[in-house]
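Open the structure in your viewer and keep the sequence panel beside it. The tour below goes from stop to stop, with something to select at each one.

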Amino acid sequence: MRLYYFKNAEDLAKPITGALGLDARPLEERDFPDGEVLVRVEPAREAVLLARLYPDVNKNLVKLLLALDALSDYGADRVVLVVPYLPYARQDRRFREGEPISVKTMLAHLRRYPVSHLVAVDLHKPYIGDYVAGMHVVNVYPAERYANAVRRWGVDVVLSPDAGSLHRASTLAGLLEVPYDHFEKFRDRETGEIYMKPSGAMNLQGKAVALVDDILATGGTLVDACKNAKLLGASAVYAVVSHCQLLGNAREKIRGCVNALYCTNTIPCEYSNVDVSEDLARAISAVL
Ligand code: R5P
């Protein structure tokens, strides 16, 4: 079995292929001056395709479709697609009339090719897989690694910045054997502005808090939750986020509140201290 990888995913491809004994090949990729892209694959009946789609999500999505189409044209009848961070997943429902359910659109496109499994880390919503029939969606959540990362801080409570991340808080809290709770987040869909409040009576006086979320984009959500936790008396706030985009002045905002930040290497950055390659290798091995 061969594993093709996007050049930007070599750091993940090496340990994964090492662990699984696969033959690793980088995808041949070209970027043209006008913005168009091209890829080239070697024919394979079965393949694992490791595609890091962030940054440059739109360009990388086109490369992905081209690669899948070429593999399919050359007779591939089974592709295990590994997308460490699945973009467009936040638009998992219609927030305003007239909008698409973007993640459903993405999955529908993938489904046109012989993709048997889509393996991703910490999908924005676990139910995203229900949007597509005939393709198994495997959601890898490295909870044990997060627990190992924050255990030394003596965390008293795990919090999520909104109800949508409550399942992450509950999983991590279970491993740390501490309680969990969440804030309520309201977003103005026109302006993007967010407003947050505790979900009820929340006493954080003197407590060490672990905050969990899937994505850190501008840092607004995480830092709002951190500030709220500190206003409620938290002595320290440690954050665990799967996909760190760190846009704009996110770094500055985080430094102003969060005591320590742990991110995975789905999107490499200076906070990528949680390596998910072994978890991905295990998930791939389970479906091969
Ligand atoms: C939203 O539902 C996500 O789970 C994240 O909370 C959000 O994408 C983070 O974005 P930002 O860092 O810009 O607040």
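Two strands pair if DSSP finds at least two bridges between them. Helices (H or I, at least four residues) and strands (E, at least two) are DSSP runs, numbered from the N terminus. This is a predicted model, in which local features need pLDDT of at least 70, side-chain atom pairs count only at pLDDT 80 or more, and totals for chains, interfaces and linings use all residues. Residues are numbered from 1 along each chain as its sequence is written, and side-chain values use heavy atoms, with hydrogens and water left out.

**Stop 1: the sheet of 7 strands**

Select strand 9 (residues 157-160) and strand 12 (residues 208-216). They pair in the parallel sense over 3 bridges. Pick out L159, which stands opposite L211 in strand 12.

Now add the rest of the sheet. It is an open sheet of 7 strands in the order 11-10-9-12-13-14-15, and its pairing is mixed. Which strands stand at the edges? They are strand 11 (194-198) and strand 15 (272-274); each has a single partner strand, so one side of each is left without a neighbour in the sheet. Direction ignored, neighbouring strands of this sheet are turned by 35 degrees against each other on average. Axes here are lines fitted to C-alpha atoms, for helices over the stretch in contact, and angles run from 0 to 180 degrees between N-to-C directions.

**Stop 2: strands 13 and 14**

Select strand 13 (236-244) and strand 14 (260-264). These two pair in the parallel sense over 4 bridges, and A239 stands opposite L261 in strand 14.

Stay on strand 14 and look at its surroundings. Buried means under 20% relative accessible area, exposed over 50%, and partly exposed in between (1.4 Å probe, protein chains only). Of the 5 residues of strand 14, 5 are buried, so the strand is largely enclosed by the rest of the structure. In a regular strand the side chains alternate between the two faces of the sheet. Strand 14 is covered on both faces: A260, Y262 and T264 are buried on one side, and L261 and C263 are buried on the other.

Next, select Y238, which lies in strand 13. Y238 is buried, with a relative accessible area of 8%. Contact means heavy atoms within 4.5 Å. Not counting residues up to four places away in sequence, Y238 touches V150, W153, V155, A208, V209, A210, L211, N259 and A260. Then find A225, 13 residues from Y238 along the chain; their C-alpha atoms are separated by 11 Å.

**Stop 3: helices 4 and 5**

Select helix 4 (residues 143-150) and helix 5 (residues 166-176). Their axes come within 9 Å and cross at roughly 60 degrees. Angles under 35 degrees count as roughly parallel, over 145 as roughly antiparallel, 65 to 115 as roughly perpendicular and the rest as oblique. Helix 4 and helix 5 are therefore oblique to each other.

Show the side chains where the two helices touch. A143, E144, Y146, A147 and V150 in helix 4 meet T171, L172, L175 and L176 in helix 5.

**Stop 4: the sheet of 6 strands**

The next sheet is also open: 6 strands in the order 2-1-5-6-7-8, with parallel pairing. At its edges stand strand 2 (23-26) and strand 8 (136-140), each with a single partner strand, so one side of each is left without a neighbour in the sheet. The twist averages 20 degrees from one strand to the next.

Select strand 6 (residues 78-83) and strand 7 (residues 115-121), which run parallel and are joined by 5 bridges. The bridge partner of V79 in strand 7 is V115. Then add helix 1 (residues 10-20), which lies across strand 1 (2-5), strand 2 and strand 5 (46-50) and runs at about 170 degrees to strand 1.

**Stop 5: two more buried residues**

Select N60 in helix 2 (residues 57-73). N60 is buried, with a relative accessible area of 4%. Leaving aside neighbours within four places in sequence, N60 is in contact with F6, N8, R52, L53, Y54 and P55.

Finish at Q245, in the loop between strand 13 and helix 7 (250-255). Is Q245 buried or exposed? At 10% relative accessibility, Q245 counts as buried. Beyond neighbours within four places in sequence, the contacts of Q245 are Y54, Y85, R90, I215, L216, A217 and I267.
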